Amino acid sequence: MLPSQPRDRRPSLLAGWGRAAPSAARLVDVDVHSLAAAIKELPSRGGIARGLGRSYGDPAQNAGGHVIRLAGSNDQIHVDESAGTVTVGAGVSIDDLLAVIIPRGWFVPVTPGTRFVTIGGAIASDIHGKNHHADGSFGDHVTSMRLMLADTTVVEVGPNRDADLFWATVGGMGLTGIIVDATFTLIPIETSLMSVETRRLGDLDEIMAHMAETDAGVRYSVAWLDLLAHGRHLGRGVLTNADHATRSQLHGRSSIDPLAYDSGQLVAVPPLVPPGGVINRLSVTAFNELWYRKAPRVRSGELQSIPAYFHPLDLVGDWNRVYGRRGFLQYQFVVPFEAEGVLRTVVERLSAAALPIFLTVLKRFGPGNGGHLSFPTGGWTLAIDVPVRCAGLSPLLHGLDAMVLDAGGRHYLAKDFQTTAAAIRRGYPRLDEWLAVRARVDPAGTWASDLSRRLGLAPH
Ligand SMILES: Cc1cc2nc3c(=O)[nH]c(=O)nc-3n(C[C@H](O)[C@H](O)[C@H](O)COP(=O)(O)OP(=O)(O)OC[C@H]3O[C@@H](n4cnc5c(N)ncnc54)[C@H](O)[C@@H]3O)c2cc1C
């Protein structure tokens, strides 16, 4: 839909995936040809790009201003087989990209836990996947991108071409300009299946020891924790390590068409979810027990599809509605490897609070990259999903914030909803450098979002 059409002029209520802090903005749908015109029409509250709205908090909303959504389509996907790269329009989703590249023997360098994110959103959040310890984050694989600046000029940037602006944009949450397209490297694959090792482990120490021992030998590694377990079971969980399966590992029907890919049908959450949601201590205790018990003590070489291993939540459309009307937040931080004690204390505090948390992900990050605001940095990262209605949540999380920051850690902007500007300033020591690049390319502060105002990343 073009921005000049009357329907675009009505404000839309926009929220992140957590649905916890909606705000009204004018949503402007553009293609690459109408993008400059849309930028010229931005009001004093400015504008921000939006992908598929899979960030949990408020980076892709802009109360009282404009929110620009760039259309993506399959004709914006150009694979260079000899270079092992792809050039993709920023509005294209990883979902659409995978459907094109997997049958041709390629995989994205990094995928998050959902494939419903755009390439623009992947770069702007510098997303990480289960392979961060081996491959780094999305920005590490981008060789060049085109960015439309606030004055509507289009610049090409890369690690060797205006590297400062490139790295300010990788993880820059859309606040340097609108990414138009990007070229990045792909991972060659022989099959569309994953060879997975699953291991059920009895407590946090066991999980951390196993992760530290094994992740150098596997490409993908992640652990799910049961945060309602305590005592000697504190932090028990299930570790899954995986690699892309080779042809020689396939047998039976799967070997007939090794690169066959079907992302599977979505089932929807029923339309009538009670206002308070269905996530409570009782349902989560039952779920966690079941999930933990159903995992094998050790199982190796299991073949799983790409959606089953990487994107299991995508099988349920709009699953974020199960948290009820007030929504939920994801709290994600990273602490350096030497701060294992802090991680343990965080897990103890969360477990003692007995919050209804079923999605808890623990992962080891490799070293960070040149992104001024890129989140990953060497250490342990923990992410939890929790309903915002939980009593005492805010003081609890602010208490954890202080521990994380004292340990030299930081919070993930793409997930954030409750951290403070001071916490971001402490966690991201290169913030002033980033603000200087931003002032160079956007002196008038054209790019603005609810997140940028909340966390002091924009002048207005
Ligand atoms: C179920 C689930 C699992 C997830 N798992 C992970 C994970 O494992 N690892 C991880 O890192 N993240 C994860 N995420 C978060 C998600 O990957 C990021 O928030 C991602 O940025 C969302 O992309 P999007 O296209 O929906 O962008 P949006 O959420 O719409 O926007 C995110 C940011 O990107 C900016 N942006 C979007 N398009 C452009 C553009 N063209 N130019 C410039 N800026 C742009 C926006 O301004 C905003 O600041 C997960 C999210 C969900 C819902």
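**Helix packing and a buried histidine**

Helices α9 and α10 run roughly antiparallel to each other (an angle over 145 degrees). In this predicted model, local features need pLDDT of at least 70 and side-chain atom pairs pLDDT 80 or more, while totals for chains, interfaces and linings use all residues. Residues are numbered from 1 along each chain, and side-chain values use heavy atoms, with hydrogens and water left out.

The axes of α9 (residues 340-353) and α10 (residues 393-406) come within 10 Å and cross at roughly 175°. On the α9 side, the contact (heavy atoms within 4.5 Å) is made by Val342, Thr345, Val346, Arg349, Leu350 and Ala353; α10 brings in Leu396, Gly399, Leu400 and Met403. Sorted by type, these residues come out as 7 nonpolar, 2 polar and 1 charged, with Gly counted among the polar ones.

Helix α9 turns up again around α6 (residues 204-214), whose buried residues (under 20% relative accessible area, 1.4 Å probe, protein chains only) are Leu204, Ile207, Met208, His210 and Met211. They sit on the same side of α6, because they cover an arc of only 165° around the axis. Their cover includes α9 along with strands β12, β13, β14, β19 and β20. At the N-terminal end of α6, Asp203 acts as the cap, with a side-chain oxygen 3.1 Å from the backbone nitrogen of Asp205.

His133 lies in helix α4 (residues 132-135) and, at 18% relative accessibility, counts as buried. A polar atom of the His133 side chain is 3.1 Å from the backbone oxygen of Asp215. Beyond neighbours within four places in sequence, the contacts of His133 include Tyr220, Lys363 and Phe365.

Conventions: Axes fitted to C-alpha atoms, helices over the stretch in contact; angles between N-to-C directions. Helix = DSSP H or I, 4+ residues; strand = E, 2+ residues; numbered from the N terminus. Parallel < 35°, antiparallel > 145°, perpendicular 65-115°, else oblique. Buried < 20%, exposed > 50% of the residue type's maximum accessible area, 1.4 Å probe, protein only. Arc of directions from axis to C-beta. Polar contact = N/O pair within 3.5 Å; in protein donor to acceptor, adjacent residues only side chain to side chain.
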